[in-house]
Amino acid sequence: MARPGRSGWKLSSRLLLGDAALAGAGLALGTAPLWLYAALPGALGVAAGALALPLPVAGWAMLRLPFSSRPPGPEDGLLLTPADAPALFREIEQVRAQVGAPALDAVYLNSECNASIRQHRRLWGGTRNVLWLGLPLLELLSADACRAILAHECAHIAGRHGRYASRVYFARLQWQEAARQLARRKGLANAPLRLFMNWHVPRFLAASLDFARECEYQADAESARVCGVACASDALMATCLQGRALHEYASSLYADAAATEPPWLLVRLAEDDSLASPRDQAEAQIWLHQALCRPTSHDDTHPSLADRLAALKVPRALDERTTPAPGMPGAQGMASTHSLPATSRPLPWRRAQPCAAQEWLQDRRLPLARALDDSRREAAAQALREAQDERREAVAAHHDLLRKQRLRALSADERARMAWHAAMLADDVDGAMKLLQENLRDHPGHVPSLCELATLLQRQNARPDAAPDANTTRGPDDARREPAQDAAEALWREAAAQPGPHRLACLRQLTAIALRRGDAGQALAWRTEADQLERRTLAEYTAAPRYEPHGLGEPELRRLADMLDPLLLAATGAWLLRDAASGHHVLLVLARESWILRAVGALTGEPSYLRRDCQALLQRLLPRVQRNIEPLLLAAGDPLPGVCTDATRLRRAGA
């Protein structure tokens, strides 16, 4: 595989610049006393050489970094040999040969729902190639999907791209670790290194992450070439869906109230044939729609699922997979809203039968699962303790509501929480539904009650004795539709009609209901609205906070300024704002600084004493304020939001 061209030259120049600049500056500083003594005459040279004696310390810090060892990291997991899993190693060899990747030196099995490969240089030349395979991945996905994943991973070490990508990978780790270490070292001895790294590291990391994403696109393309586009896209979607299903499965095991020992997660996965979720194809499609709305962030090493599928040229095929096949209810309605053929491959939402673990590990499947579970007992025990702590907190909150109920009438929100506790903690679904219905009679349109009651109706409808076959798609006028499903849809519609953050979940539920009854046109309308709302929500979450005026009255503002008077004396300015997204108040504080203090801080890494004073005052004064206020200490030069005006500025008494 060739080196990616779009950012290859830019990244190569960054790699060369980093090592060359550190080596050159390190040598210059390390020999500074000698060349100053030789360059200047007589006593002046002696004085300059003596004054330059601390410089070799800084030079050694710079020289040591580019030539330091680059450890590949621990090789954890269970080391597999061809004797342990001959079928697996035959598959690896076949895929490796098709991709043109070098031979693997080690294959490890771990407990992650993922796969990865690493190539690093040996001390005396050559490379060491190591593959990690997650047993959950083999348990949940088909052999075809896992074969596409193997091709993707082997493509990372194929040809020149492998060594170059490895160099970039370890350089990124090296610079990140160097930045962390430098942040802990204070003083002038590291000033030259600090100045260079403050300029170089952010630019190199940005370029290396761009390169890492390009490598993922190329590895996907190679996987599609070897295994086919359909198989490669199936592997991407199945990994997304089954990874979420595994997370919910594990959460349910740890949340078991009767559990006293950590569950043998991988053993149970190897012995069980199915997962509880997604419950049907409609729910799986909702999960997929949510994943496709997530964009690629600038600090991601992997592109988003939507971008990876688009690069494989399968985005329209995704819409086909949500299209009922010809002859099934709803097929005609969907065809009217999409210019797509009605036949397509099914969405890979079920756990594969047979799975890759059955075909490739065979009789070693259960012993390997048991060994991995045993190796992660400490982590599993910690997860169980955390789940039990959460349950105890929920039980305590439920008891607190019961005490309040004996003293006074509960509010609508409190009664909704009481119903949730009854359903989740005591499994009293009927009692919870009765409580929610009473709450809605007393407080019509109460959104939490509407959503919780709709959820319980669907939960009741999804019981084994009531749930329809997952492969059956029903038409809009099908007489077999359950009344509970109709009631749940009416509740979701009522809740979705009200503005608020709950609308996204309501729209997703309505989409799933429309898909289950085969109403393709309505499902598409709900999905489109939900996708737009989700993308807008994600964009607002990742964007800079939007501030607005605080909304407090003048008397309350004066009391707050009096309590923060020592801080207002030490700071250049303080503005009270409100985060438009969360509604929480934010205190923006600009500490007093000068260019001399900023220069000293850039050289030594130490914050100025004025900034430290402001931090100490914030920690001491804010706990005394009755209102919940989030502090934000600004540095000199940081842009102030436009809402930071005289009206939002806190002023000292008499100022």
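Student: Which helix holds proline 56 in this predicted model?

Tutor: The model is predicted. Look at the stretch of residues 55–64. Proline 56 is found there, in helix α4.

Student: Is proline 56 buried, partly exposed or exposed?

Tutor: Start with the relative accessible area, which is 26% for proline 56. Buried needs under 20%, and exposed needs over 50%. The value lies in between, so proline 56 is partly exposed.

Student: Which residues does proline 56 touch, not counting those up to four places away in sequence?

Tutor: Think about sequence and space together. Proline 56 and alanine 28 are 28 residues apart in sequence, yet their C-alpha atoms are 8.6 Å apart in space. With residues up to four places away left out, proline 56 touches Leu29, Gly30 and Pro33.

Student: How far apart are the end C-alpha atoms of helix α5, and what span should its residues give?

Tutor: Helix α5 covers residues 86–99, which is 14 residues. At 1.5 Å a residue, counting one less than the number of residues, the expected span is 20 Å. The end C-alpha atoms agree with that: they are 20 Å apart.

Student: Which residues of α5 are buried?

Tutor: Buried means under 20% relative accessible area. In α5, the residues that meet this are Ala87, Leu88, Phe89, Glu91, Ile92, Val95, Arg96 and Val99.

Student: What phi does glycine 100 take?

Tutor: Glycine 100 comes just after α5. Its phi is positive, at about 85°.

Student: How do α19 and α21 run relative to each other, roughly parallel or roughly antiparallel?

Tutor: Helix α19 spans residues 412–425, and helix α21 spans residues 447–461. Their axes come within 9 Å and cross at roughly 20°. Angles under 35 degrees count as roughly parallel. So α19 and α21 are roughly parallel.

Student: How many nonpolar, polar and charged residues are in the contact of α19 with α21?

Tutor: From α19 come Asp413, Ala416, Trp420, Ala423 and Met424. They meet Pro448, Ser449, Glu452, Leu456 and Arg459 in α21. By class, that contact has 6 nonpolar, 1 polar and 3 charged residues.

Student: Is the crossing of α22 and α23 left-handed or right-handed?

Tutor: Helix α22 covers residues 483–496, and helix α23 covers residues 503–516. Their axes come within 9 Å and cross at roughly 145°. The crossing of α22 and α23 is left-handed.

Student: How do the residues of the contact of α22 with α23 divide?

Tutor: Helix α22 brings residues including Trp492 and Arg493. Among those from α23 are Cys506 and Ile513. The contact divides into 6 nonpolar, 2 polar and 4 charged.

Notes. Residues are numbered from 1 along each chain as its sequence is written. This is a predicted model: local features need pLDDT of at least 70, side-chain atom pairs count only at pLDDT 80 or more; totals for chains, interfaces and linings use all residues. Side-chain values use heavy atoms; hydrogens and water are left out. Axes are lines fitted to C-alpha atoms, for helices over the stretch in contact, and angles run from 0 to 180 degrees between N-to-C directions. Helices (H or I, at least four residues) and strands (E, at least two) are DSSP runs, numbered from the N terminus. Angles under 35 degrees count as roughly parallel, over 145 as roughly antiparallel, 65 to 115 as roughly perpendicular and the rest as oblique. Contact means heavy atoms within 4.5 Å. Ala, Val, Leu, Ile, Met, Phe, Trp, Tyr, Cys and Pro count as nonpolar, Asp, Glu, Lys and Arg as charged, and the others, Gly among them, as polar. Buried means under 20% relative accessible area, exposed over 50%, partly exposed in between (1.4 Å probe, protein chains only). A crossing is left-handed if the near helix is turned anticlockwise from the far one by less than a right angle, and right-handed if clockwise.
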